[in-house]
Amino acid sequence: MRKTVKIVIKILLLLFVVSLITAAIVCYNAVKNDELAKKIIADKPLKFAVLLYGNENSFTDKLDILFVSYENDNKLLKVLSVNGDIVVFRKKAKAKSLKSSFYETAKKDHNLAVTNTCTDLFEMLDNSFMPDFYINASYDTFLKIMGNDKFVEDLLKNENFVNRDLECLNALETCELSLSFADKNPLKIIKRIKENYSLLDTNISKTALSCIVLRKKIPRAAIMFCDYPAKYKKTRVEPDKMNAFDFLYTVYYPQADMEYKEDSGLVELKNASKKPRMAEKGTWLLRQNKFDVLDWSNFPIRYETTIIKDYKGSFAKSLKIAETLKCGKVIVSYDNQTYYNMSVFIGTDCEIYDKLDKKEVKNGKN
């Protein structure tokens, strides 16, 4: 009886080893014939474009446009978000926003809507962004790949933003949560990619996409979230071509300088928390840490999360400010015309205590 059990165990082990070898051979052959998969395994930098859209039943009129670059040397993920409300100007045609143009065309021809939108976007980027691959998908498909995660879905459903800063913050948090989910559940993500691959409009193979999930470890990278430069006028949002050109060729395309420089940049600080004295306390804390804060004031809109707007591409310094405040999300909102390098909007998540706070607590006022 014991001999029979041992034989069965040996057979099972042999079958297991054979299956592993077979899987390895299949994987090797798949990668061998896939140039992009080989590039990913070799840890080369990646560039790709993502277009997420709604349908008649869910996420109607919602559109997310992202251009992504991964710098392996810096472990930095650059995400460039384009506002769907930006107006596109065409000859002999009424100016329409990217979003409205996409959905109007999609009612007649969905593929044409995607094609036209991508054409407009690459023209806005001066036709200089050369992606390794693209992924166009509905939000429903994206959520299926994410396992219908409630936190991701809740972030996507937030649409009524007071300003563009909060819209960018929402997109940044969606990226962070999605990448974190993929990092914790890589095999599940790969399985769902394969199950829903036919629903994706993409030129990347399942093999290469799986390699990204397993090899790149992008979630461990810092995310440099950028907002495409735009002019916000009374009736519409227009591309800011001058700032966009400077931003693309001085900040987004070059390898990022992640070295912190103490003498780079002027800072303004605004209290968006509605908590008393936070502008003053935040200013003194940053000054104590050698940040050149020139002005501070109150901000009329309440922010739950502290936002650091980087106007000149001083990303390392912006991260240092967040580290000093022990909170904050950085958004690169390039504007070479502004006097400041950064604006800090203190949110309700920021906690700073000074001697006056301690006196109030002692006297029972807090």
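**Figure 1. Residue classes around the second largest cavity of the predicted model.** The lining of the second largest cavity comprises 3 nonpolar, 4 polar and 2 charged residues. The volume enclosed is about 40 Å³. Helix 3 (98-106) and helix 4 (110-124) are the elements that each contribute two or more residues to this lining.

**Figure 2. Residues lining the second largest cavity.** The second largest cavity is bordered by R90, L98, S101, F102, T105, A113, N116, T117 and D120. Its volume amounts to about 40 Å³.

**Figure 3. The largest cavity and the residues nearest its centre.** In this predicted structure, 2 cavities of 30 Å³ or more are counted. The largest of them has a volume of about 820 Å³. Its lining consists of 33 residues, and those nearest the centre are F48, F142, M146, S178 and L179.

**Figure 4. Secondary-structure elements around the largest cavity.** Both strands and helices take part in the lining of the largest cavity. Strand 1 (46-53), strand 2 (63-71), strand 3 (76-81) and strand 6 (133-138) are among the elements that each provide at least two lining residues. Helix 5 (139-145), helix 7 (164-184), helix 8 (186-196) and helix 9 (206-216) likewise each supply at least two. Helix 7 accounts for the largest share, with 8 residues.

**Figure 5. Residue classes around the largest cavity.** The lining of the largest cavity divides into 26 nonpolar, 3 polar and 4 charged residues. Among the residues nearest the centre of this cavity are F48 and S178.

Definitions and conventions:
Residues numbered from 1 in each chain as written. Predicted model: local features only at pLDDT ≥ 70, side-chain atom pairs only at ≥ 80, totals over all residues. Heavy atoms only, no water. 1 Å grid on protein atoms, 1.4 Å probe; cavity = no way out; pocket = protein on both sides within 12 Å on 5 of 7 lines; lining within 4 Å. Points joined across faces, edges and corners; volume = space filled by probe spheres on them. Helix = DSSP H or I, 4+ residues; strand = E, 2+ residues; numbered from the N terminus. Nonpolar A, V, L, I, M, F, W, Y, C, P; charged D, E, K, R; others polar.
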